Amino acid sequence: QVQLVESGGGSGQVGGSLKLSCSASMSPAYSFASRCLSWYRQTPGKEREGVAAIWTGGVGTEYYADSVQGRFTISQDSSKSTVFLHLNSLEPEDTAMYYCAARDASCIRTWSNGQFEYWGRGIQVTVSS
């Protein structure tokens, strides 16, 4: 089993930066390596949106939604079973609850379909001008 805990949210200014962390706690039989770890976000009344994903094996291929490409960066620290989301050039539209998600299947082509076995409880990000 996997437990995901997000941290680092809060308030930021337009044009500023925030950093989110997702720490994965796993049973001994489960490995952090070669998994698809993703960040999603959701605002009231809207569907959950895939923001970014990373394959924790190999070269750590990254995937981004068009809305955050060039502004957000996803990274990992495999020694700590942690995935980060660096939010730069913040916009008011980035205000949302952000969720970390993990699955065994590849990220390729389907990382934003919402089909993940494990989810964190979410953390709020608020961007103000």
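What share of the 129 residues in the protein is buried? In this predicted model, buried residues make up 43% of the chain. The fold is built from strands: there are eleven of them and zero helices. Read from the N terminus, then, the order of elements is simply β-β-β-β-β-β-β-β-β-β-β.

As for overall dimensions, the C-alpha atoms fill a box of roughly 45 × 30 × 25 Å along the principal axes. The radius of gyration is 14 Å, and a compact globule with 129 residues would come out near 14 Å, so the two agree. About 6600 Å² of the protein is exposed, and carbon and sulfur atoms supply 48% of that area. Contacts reach well along the chain: among those between residues at least 6 apart in sequence, 58% join residues at least 24 apart.

Next come the disulfides, of which the structure holds two. Counting bonded cysteines along the chain, they follow the pattern 1-3, 2-4. One of them is formed by Cys22 and Cys100, with the sulfur atoms 2.0 Å apart. The torsion about this S-S bond is about -80 degrees, so the disulfide is left-handed. Cys22 sits in strand S3 (residues 18–26) and Cys100 in strand S9 (residues 96–103), so the bond ties together parts that are 78 residues apart in sequence. Both ends are out of the way of solvent by the usual cut-off, as buried means under 20% relative accessible area: Cys22 has 1%, and Cys100 has 0%.

The other disulfide joins Cys36 to Cys107, with an S to S distance of 2.1 Å. Here the angle about the S-S bond is 115 degrees, and the link is right-handed. This pair, too, connects distant parts of the chain, with Cys36 in strand S4 (residues 36–42) and Cys107 in the loop between S9 and strand S10 (118–119), 71 residues apart. Cys36 and Cys107 are both buried.

What about the interior? In soluble globular proteins, nonpolar side chains tend to be buried together. The largest nonpolar core of this model has 39 residues, and the members touching the most others are Leu4, Trp39, Leu85, Leu87 and Tyr98. Strand S9 gives the most to this core, with six residues. Leu4 shows what such a position looks like: leaving out residues up to four places away in sequence, its contacts include Cys22 and Cys100, along with Leu37, Tyr118 and Trp119. Leu4 thus touches both cysteines of the left-handed disulfide.

Not everything on the inside is nonpolar, though. Which strand holds Arg41? Arg41 lies in strand S4, and at 6% relative accessibility it counts as buried. The side chain of Arg41 makes a polar contact of 2.9 Å with the side chain of Tyr98, and Tyr98 is one of the core residues with the most contacts to other members. Beyond four places in sequence, the contacts of Arg41 also take in Glu47, Arg48, Glu49, Val51, Ser67, Val68, Phe72, Glu93, Asp94, Ala96 and Met97.

Two of those partners, Asp94 and Phe72, deserve a look of their own. Asp94 is placed in the loop between strand S8 (82–87) and S9, and it is buried, with a relative accessible area of 0%. Apart from residues up to four places away in sequence, Asp94 touches Arg41, Arg71, Phe72, Ser89, Val125 and Val127. Phe72, for its part, belongs to strand S7 (residues 72–77) and is buried as well, at 2% relative accessible area. With the same sequence neighbours set aside, Phe72 contacts Arg41 and Asp94, and also Val51, Tyr64, Leu85, His86, Leu87, Asn88 and Tyr98. Arg41, Asp94 and Phe72 therefore form a mutually touching trio, because Arg41 contacts Asp94 and Phe72, Asp94 touches Phe72, and contact means heavy atoms within 4.5 Å. Ser17 offers a further reference point for Phe72: the two are 55 residues apart in sequence and 9.3 Å apart in space, C-alpha to C-alpha.

Key. Residues are numbered from 1 along each chain as its sequence is written. This is a predicted model: local features need pLDDT of at least 70, side-chain atom pairs count only at pLDDT 80 or more; totals for chains, interfaces and linings use all residues. Side-chain values use heavy atoms; hydrogens and water are left out. A disulfide is a pair of cysteine sulfur atoms within 2.5 Å. Helices (H or I, at least four residues) and strands (E, at least two) are DSSP runs, numbered from the N terminus. Buried means under 20% relative accessible area, exposed over 50%, partly exposed in between (1.4 Å probe, protein chains only). A nonpolar core is a set of buried Ala, Val, Leu, Ile, Met, Phe, Trp, Tyr and Cys residues joined through side-chain atoms within 4.5 Å. A polar contact is a pair of N or O atoms within 3.5 Å; within protein, one must be able to donate a hydrogen and the other to accept it, and residues adjacent in sequence count only if both atoms are side-chain atoms. The radius of gyration is taken over C-alpha atoms; the globule rule is 2.2 Å times the number of residues to the power 0.38. Accessible areas come from the Shrake-Rupley method with a 1.4 Å probe; for residues, only the protein chains shown count as cover.
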